[in-house]
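Take a look at the structure below. Then follow two topics: the cysteines, and the surroundings of the ligand.

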Amino acid sequence: MVKVLFVCLGNICRSPTAEGVFRKLVNESRLSRQIAIDSAGTHAYHIGESPDERAQDAAARRGIDLSGLRGRQATPADLEEFDYVLAMDRENLRNLQSIALPHQQEKIHLFLDFAQDNAHQEVPDPYFGGRHGFDKVLDMIEEAAGGLLADIRQRF
Ligand code: 4NP
């Protein structure tokens, strides 16, 4: 079993979106028994909450249901348990690196490092913007999801 954790700040916008997009791809690739997927936030603001309505709506328009997800905070144990710990932006990356032990550092990446097109390195925080930002987040995540699956297939 390969375990993948997506991490953003609040775990109500970007990382649950990435969890939903990647789960759909993994299911379509018939790999759901080989790849486990979860998401978490670096902060505790939204523990137990459903994903942001705007994130749920944007995902639903692409056939992805985020309604069952609930916010949780990333823990040091996650860095031991997961094989890929994927940060949405550099601030998330730095926060994860600061709690990781030396042997765990290599599991932590910027998620967009897996995108073919490397025009962007960070998924911008859509929380304080409009609905358009959530579609842009989905576009960027969909772009990187295929590259991530290819990396997993090659390594495991
Ligand atoms: P996320 O978005 O990190 O993509 O889940 C945010 C959600 C909440 C806040 C910031 C970003 N907040 O400041 O409460």
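In this predicted model, the sulfur of Cys-8 has its closest cysteine sulfur in Cys-13, 6.9 Å away. That is too far for a bond. A disulfide needs two cysteine sulfur atoms within 2.5 Å. Seen from Cys-13, the closest cysteine sulfur is that of Cys-8, again at 6.9 Å and too far for a bond. The structure therefore holds 0 disulfides.

Are these two cysteines buried or exposed? Cys-8 is buried, with a relative accessible area of 2%. Cys-13 is buried too, at 5%. Residues count as buried when this value is under 20%.

Both cysteines also belong to the ring of residues around the ligand. Which other residues surround the ligand? Leu-9, Gly-10, Asn-11, Ile-12 and Arg-14 do. So do Tyr-45, His-46, Asp-125, Tyr-127 and Phe-128. By class, this shell has 7 nonpolar, 3 polar and 2 charged residues.

Now for some distances. Each row pairs an oxygen atom of the ligand with a polar atom of the protein.

| Residue | Part of the residue | Distance to a ligand oxygen atom |
|---|---|---|
| Gly-10 | polar backbone atom | 2.8 Å |
| Arg-14 | polar side-chain atom | 2.8 Å |
| Asp-125 | N or O atom in the side chain | 3.4 Å |

Gly-10 uses a backbone atom here. Arg-14 uses a side-chain atom, and so does Asp-125. How much of the ligand does the protein bury? Taken alone, the ligand exposes 350 Å². The protein buries 92% of that area.

Where does the ligand sit? The ligand sits in the largest pocket. Around it are Cys-8 and Cys-13, among others. Their sulfur atoms stay 6.9 Å apart, too far for a bond.

Conventions: Residues numbered from 1 in each chain as written. Predicted model: local features only at pLDDT ≥ 70, side-chain atom pairs only at ≥ 80, totals over all residues. Heavy atoms only, no water. Buried < 20%, exposed > 50% of the residue type's maximum accessible area, 1.4 Å probe, protein only. Near = heavy atom within 4 Å. Polar contact = N/O pair within 3.5 Å; in protein donor to acceptor, adjacent residues only side chain to side chain. Areas by Shrake-Rupley, 256 points an atom, 1.4 Å probe, with all protein chains shown as cover. 1 Å grid on protein atoms, 1.4 Å probe; cavity = no way out; pocket = protein on both sides within 12 Å on 5 of 7 lines; lining within 4 Å. Sits in = over half its atoms within 2 Å of the grid points. Nonpolar A, V, L, I, M, F, W, Y, C, P; charged D, E, K, R; others polar.
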